[in-house]
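Colleague: Pick one part of this model and take me through it closely. Say what it packs against and how it ties into the rest.

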Amino acid sequence: MRVAPAVAFLGTLTLTACDARPPVRPAGRPTLDSAQATAMRDSVRGFAASLAHDVTTQGPSAWGAYFADDPAFFMADEGRLVFPNHDAAARAIATLTQTITRIELRWGDTVRVDPLAPGFAVLAAPYHETQVDRRGRRVEENGFFTGIVEHTASGWQVRDAHWSVIGPPPAVP
């Protein structure tokens, strides 16, 4: 049995696996320099602030301007696909305007923005939302939002989104 070649192979494999160099970006993938990434973070945070302000002051109809009017758009909530496309979201917004009289949306202190490529970023933040319906019933939710935002001719828009609500604590046995 030839042990030396096997030991050499395992040594090479171990050294290769422990290589501390940063991973190589795939060819053709656009990159952002530090200044571009910082500008994108600031711009997306401004977008998030405008979104919360407009939803709070204008009600559910404001969402329509913030969802990408694109076949790729979708939104999930609590692990379920609630809007498979923009048209489904537009129909739901029209219904919400008939039932919800007031919404207050506030982002938490940590609005995270991860620039992915020019014109694309991940937006993630804790949120608090209060909804009041036509009967005066008030619903308060705390949760976390994640989404891909895309810079379009209309500015930043939510392309893909997921909302998760913090549920009540489990019952004590």
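Modeller: Helices (H or I, at least four residues) and strands (E, at least two) are DSSP runs, numbered from the N terminus. By that rule the protein chain has 4 helices and 7 strands. Along the sequence they run α-α-α-β-β-α-β-β-β-β-β. This is a predicted model: local features need pLDDT of at least 70, side-chain atom pairs count only at pLDDT 80 or more, and totals for chains, interfaces and linings use all residues. Numbering starts from 1 along each chain as its sequence is written, and side-chain values use heavy atoms, without hydrogens or water.

I pick H2. The helix covers residues 34-58. H2 has 25 residues. From first C-alpha to last it reaches 36 Å, close to the expected 36 Å (1.5 Å times one less than the number of residues).

Start at its ends. Asp33 caps the N-terminal end of H2. A side-chain oxygen of Asp33 lies 3.1 Å from the backbone nitrogen of Ala35. That is a polar contact (N or O atoms within 3.5 Å, one able to donate a hydrogen and the other to accept it; residues adjacent in sequence count only if both atoms are side-chain atoms). At the other end, Gly59 follows H2, with a positive phi near 85°.

Now the inner face. Buried means under 20% relative accessible area, exposed over 50%, and partly exposed in between (1.4 Å probe, protein chains only). In H2, the buried residues are Ala37, Met40, Val44, Phe47, Ala48, Leu51, Ala52, Asp54 and Val55. An α-helix has 3.6 residues a turn, so residues three or four places apart point the same way. The buried residues of H2 pack against H3, S3, strand S4 (112-117), S5, S6 and S7. Across the protein chain, buried residues make up 32% of the 173 residues.

Take Met40. Its relative accessible area is 8%, so Met40 is buried. Contact means heavy atoms within 4.5 Å. Beyond four places in sequence, Met40 is in contact with Leu32, Val113, Pro115, Ala117, Pro118, Gly119, Phe120, Ala121 and Trp156. Ala121 is 81 residues away along the chain, yet the two C-alpha atoms are separated by 8.0 Å. Such reach shows in the chain as a whole. Of the contacts with a separation of 6 or more, 54% join residues 24 or more positions apart.

Next, the core. A nonpolar core is a set of buried Ala, Val, Leu, Ile, Met, Phe, Trp, Tyr and Cys residues joined through side-chain atoms within 4.5 Å. The largest one holds 33 residues. Leu51, Leu105, Trp107, Leu123 and Val158 touch the most other members. H2, H3, helix H4 (86-99), strand S3 (100-107), strand S5 (120-133), S6 and S7 each supply at least two residues. H2 gives the most, with 7 residues.

Look at H2 from the other side, through Leu105. Leaving aside neighbours within four places, Leu105 is in contact with Leu51, Ala52, Val55 and Thr56. Its contacts also include Trp63, Tyr127, His128, Glu129 and Trp163.

Two of those partners, Trp63 and Trp163, lead into the aromatic rings. Rings of Phe, Tyr and Trp (its six-membered ring) pair if their centres lie within 6.5 Å; planes under 30 degrees apart are stacked, over 60 edge-to-face, the rest tilted. The count comes to 8 aromatic pairs. Trp63 and Trp163 form an edge-to-face pair, 5.7 Å centre to centre, with 90° between the planes. Trp63 lies in H3 (residues 63-66) and Trp163 in S7 (residues 155-165), so this pair ties together parts 100 residues apart in sequence. Both rings belong to buried residues: Trp63 is at 9% relative accessibility, and Trp163 has a relative accessible area of 8%. Trp163 also pairs with Phe145; this pair is tilted, at 4.5 Å centre to centre and 55° between the planes. Phe145 lies in S6 (residues 138-152) and Trp163 in S7, so the pair ties together parts 18 residues apart. Phe145 is buried, at 3%. One aromatic cluster takes in Trp63, Phe67, Phe73, Trp107, Tyr127, Phe145 and Trp163.

In short, H2 is capped by Asp33, packs its buried residues against H3 and strands including S3 and S7, and gives the core 7 residues.
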